[in-house]
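This report introduces a structure to a reader who has not met it before. Please look at the sequence and the structure shown here before reading on.

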Amino acid sequence: LKYGNPWRRFSEDFPLFHTMRSYLGLGFGPLPNELIEAETKEGAQFIFAAFPHGCGSEFRILMEGMMHTILPDVHRRLRTL
């Protein structure tokens, strides 16, 4: 957590987050083939932005908990602010 590492177990497994994702129907649409190919390359880097900040910032942690399913190679190097 100290260096921007997400708290993976919390963001993925906290029971309330599972409920909220299900209730809100959160998920990812189909990814462009270019992103899928780029994600598998050595040293791939991406910047993702999730808003809002502050009140309502639960959206970021809800989406962060699903990143491993959509971008498994990048998720292990994910950093958050």
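In which segment does R76 lie? R76 is placed in the segment after α6.

## The model and its confidence

The structure is a predicted model. Over the chain the pLDDT averages 79, and 84% of the residues score at least 70. Among the elements, helix α3 (residues 33–39) has the highest mean pLDDT, 88, while helix α6 (residues 72–75) has the lowest, 75. Where pLDDT is low, the predicted coordinates should not be read in detail.

## Overall architecture

The chain contains six helices and zero strands. Read from the N terminus, the order of its elements is α-α-α-α-α-α.

Of the 81 residues in the chain, 26% are buried. The accessible surface of the chain comes to about 6200 Å², and carbon and sulfur atoms account for 60% of that area. When contacts between residues at least 6 apart in sequence are considered, 70% of them join residues at least 24 apart.

## The aromatic cluster

A search of the whole structure finds three aromatic pairs. In one of them, the ring centres of F10 and F17 are 5.1 Å apart and the planes stand at 70°; because this angle is over 60 degrees, the pair is edge-to-face. F14 and F17 also form an edge-to-face pair, with 5.0 Å from centre to centre and 65° between the planes. Ring pairs thereby link F10, F14 and F17 into a cluster.

How are the members of this cluster placed with respect to the surface? F17 has a relative accessibility of 7%, and it counts as buried because this value is under 20%. F10 is partly exposed, with a relative accessible area of 26%. F14 is likewise partly exposed, at 33% relative accessibility.

## E12 in helix α1

E12 belongs to helix α1, which spans residues 8–13. Is E12 buried or exposed? Its relative accessible area is 12%, so E12 is buried.

With neighbours within four places in sequence left aside, E12 is in contact with H18, R21, G65, H68 and H75.

## E39 and K41

E39 lies in helix α3. At 5% relative accessibility, E39 counts as buried. Which residues does E39 contact, leaving aside its neighbours within four places in sequence? They are A44, F46, L71, P72, D73 and V74. For P72, the separation can also be given between C-alpha atoms: E39 and P72 are 33 residues apart along the chain, and their C-alpha atoms are separated by 8.5 Å.

K41 is found in the loop between α3 and α4 (58–64). K41 has a relative accessibility of 57% and therefore counts as exposed, the cut-off being over 50%. Between K41 and D73 there are 8.9 Å in space, C-alpha to C-alpha, and the two are 32 residues apart in sequence. D73 is also one of the residues in contact with E39.

## The segment after α6

R76 and R77 are both relevant to the end of the chain: R76 lies in the segment after α6, and R77 lies there as well. R76 is exposed, with a relative accessible area of 58%. R77 is partly exposed, with a relative accessible area of 33%.

Which residue, 70 residues apart from R76 along the chain, has its C-alpha atom separated from that of R76 by 9.5 Å? That residue is P6. For R77, the corresponding partner is N5: the two residues are 72 apart along the chain, and 8.1 Å separate their C-alpha atoms. R77 also touches G43 and A44, not counting residues up to four places away in sequence. A44 is in turn among the residues that E39 contacts.

Technical notes: Residues are numbered from 1 along each chain as its sequence is written. This is a predicted model: local features need pLDDT of at least 70, side-chain atom pairs count only at pLDDT 80 or more; totals for chains, interfaces and linings use all residues. Side-chain values use heavy atoms; hydrogens and water are left out. pLDDT is the predictor's confidence in each residue, from 0 to 100. Helices (H or I, at least four residues) and strands (E, at least two) are DSSP runs, numbered from the N terminus. Rings of Phe, Tyr and Trp (its six-membered ring) pair if their centres lie within 6.5 Å; planes under 30 degrees apart count as stacked, over 60 as edge-to-face and the rest as tilted. Buried means under 20% relative accessible area, exposed over 50%, partly exposed in between (1.4 Å probe, protein chains only). Contact means heavy atoms within 4.5 Å. Accessible areas come from the Shrake-Rupley method with a 1.4 Å probe; for residues, only the protein chains shown count as cover.
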